[in-house]
Amino acid sequence: MLLDDTPNMLGEKLSLSNIDSLRSYEVVDEIKEELERVCPGTVSCADIIIMASRDAVVLSGGPDWEVKLGREDSLTASQEDANNIMPSPRANASLLMDLFEGYNLSVKDMVALSGSHSIGQARCFSIVFRLYNQSGSGKPDPTIEPRYKEKLNRLCPLGGDENVTGDLDATPTMFDNRYFKDLAAGRGFLNSDQTLYTFPETRKYVALFSKDQRTFFNAFVEGMIKMGDLQSGRPGEIRSNCRMVNSRPVNALLES
């Protein structure tokens with residue numbers, strides 16, 4: 001996703017899920033530049049991203065874990081693949097389960113990983129249909145809690161600026177289980193979030209995680225490790241100096 005378009009390749013930066021949404025590529029560039037100065041040809045951009053993801057979770061109050069390192073950076077990118085792989089904010093739980101199953105990730109993994117929406121924001125573009133024309137009905141999504149719908153209507157009026165952003169849960173800078181509590185209350189921002197509470201197969205995990213933050217944290221770490229082990233099968237740059245080396249948990253580094 002870091003690769004720019006070329007005359008022979010459409011990259012992922014302008015894919016449906018990334019355009020006008022994914023940002024701060026320059027932060028990864030700055031980290032990579034500093035690492036290359038200290039230990040050239042050793043740490044891939046892929047490893048930088050997954051370590052930064054772990055660190056963001058920890059620094060937001062979430063769980064800590066040891067990240068496996070040694071990934072290679074892909075030499076190619078595919079906008080078409082990104083469009084087909086990334087979940088749509090319109091997706092329902094059935095589609096999400098099928099998508100994750102294709103990567104050997106369980107229903108529990110999928111729900112726990114959706115908990116990454118405990119931090120961050122999303123655009124009005126992703127929810128306008130929920131507010132005014134759910135499933136082409138010309139009506140709002142009936143699962144939205146009424147007072148929350150009023151709040152969303154003010155944030156995202158019909159015909160308004162669809163690049164305005166809203167919080168994904170009530171504590172958008174804290175990694176906690178509030179996301180699941182909000183889903184149980186009908187206060188999920190995205191359709192792909194709220195659907196986890198309307199489908200029986202996923203609802204039981206939402207209910208579990210909403211009541212037990214430690215269980216959510218453990219399941220999230222397990223899912224992140226599994227997802228971090230996925231391979232694209234495409235050629236990559238060789239980073240032999242960091243193969244089979246792990247990144248120590250953030251808390252261990254802070255204590256040392």
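In which loop does N104 lie? In this predicted model, N104 is placed in the loop between α4 and α5. Its phi is near 60°, a positive value in a residue other than glycine. Most residues other than glycine have a negative phi. N104 is exposed, because its relative accessible area of 71% is over the 50% cut-off. A comparable description applies to S135, which has a positive phi of about 55° although it is not a glycine. S135 belongs to the loop between α6 and α7, the latter helix covering residues 146–155. With a relative accessibility of 73%, S135 counts as exposed.

The overall architecture of the chain is considered next. The protein chain contains 12 helices and four strands. Along the principal axes, its C-alpha trace spans about 55 × 45 × 30 Å. A compact globule of 256 residues would have a radius of gyration near 18 Å, and the 19 Å found for the protein chain agrees with this expectation. Of the 256 residues, 39% are buried. Among contacts between residues at least 6 apart in sequence, 71% join residues at least 24 apart.

The surface and the charges were also evaluated. The protein chain exposes about 14200 Å², and carbon and sulfur atoms supply 54% of that area. There are 28 positive and 37 negative side chains in the protein chain. The centres of these two sets lie 7 Å apart.

The largest nonpolar core comprises 34 residues, of which F180, L196, F209 and F220 touch the most other members. Two or more residues of this core come from each of α2 (45–59), α4 (93–101), α5 (107–114), α8 (178–184), α9 (191–198), α10 (200–211) and α11 (213–228). The greatest contribution is that of α11, with six residues. For L196, leaving aside neighbours within four places in sequence, the contacts are A93, L96, M110, S114, Y179, L183, T202, R203 and V206. Apart from this core lies another, of 12 residues, with C124, V128, L152 and C156 among them.

Helix α5 provides a further view of the packing through A112, which is located in this helix. The relative accessible area of A112 is 0%, so the residue is classed as buried, the cut-off being under 20%. Not counting residues up to four places away in sequence, A112 touches F180, F209, F216, A219 and F220. Of these partners, F180, F209 and F220 are among the residues that touch the most other members of the largest core. A112 and Q213 are 101 residues apart in sequence, and their C-alpha atoms are 11 Å apart in space.

Two residues of helix α9, S192 and Q194, were examined in the same manner. S192 is found in α9 and counts as buried at 8% relative accessibility. Beyond its neighbours within four places in sequence, S192 is in contact with S88, P89, A91 and L96. Of these, L96 is also listed among the contacts of L196. Q194 likewise lies in α9 and is buried, with a relative accessible area of 2%. When residues up to four places away in sequence are not counted, Q194 touches R130, T143, D182, L183, G186, R187 and G188. The C-alpha atoms of Q194 and I144 are separated by 8.2 Å, although the two residues are 50 apart along the chain.

I144 reappears in the surroundings of L131, a residue of helix α6 (residues 128–132). L131 has a relative accessible area of 3% and is therefore buried. With residues up to four places away in sequence not counted, L131 touches P140, I144, K149, L152, N153 and C156. Two of these partners, L152 and C156, are named among the 12 residues of the other nonpolar core. The C-alpha atoms of L131 and L158 are separated by 8.5 Å, the residues being 27 apart along the chain.

How values were computed: Residues are numbered from 1 along each chain as its sequence is written. This is a predicted model: local features need pLDDT of at least 70, side-chain atom pairs count only at pLDDT 80 or more; totals for chains, interfaces and linings use all residues. Side-chain values use heavy atoms; hydrogens and water are left out. The radius of gyration is taken over C-alpha atoms; the globule rule is 2.2 Å times the number of residues to the power 0.38. Buried means under 20% relative accessible area, exposed over 50%, partly exposed in between (1.4 Å probe, protein chains only). Contact means heavy atoms within 4.5 Å. Accessible areas come from the Shrake-Rupley method with a 1.4 Å probe; for residues, only the protein chains shown count as cover. Lys and Arg count as positive and Asp and Glu as negative; His and the chain ends are not counted. The place of a charge is taken as NZ of Lys, CZ of Arg, CG of Asp or CD of Glu. A nonpolar core is a set of buried Ala, Val, Leu, Ile, Met, Phe, Trp, Tyr and Cys residues joined through side-chain atoms within 4.5 Å.
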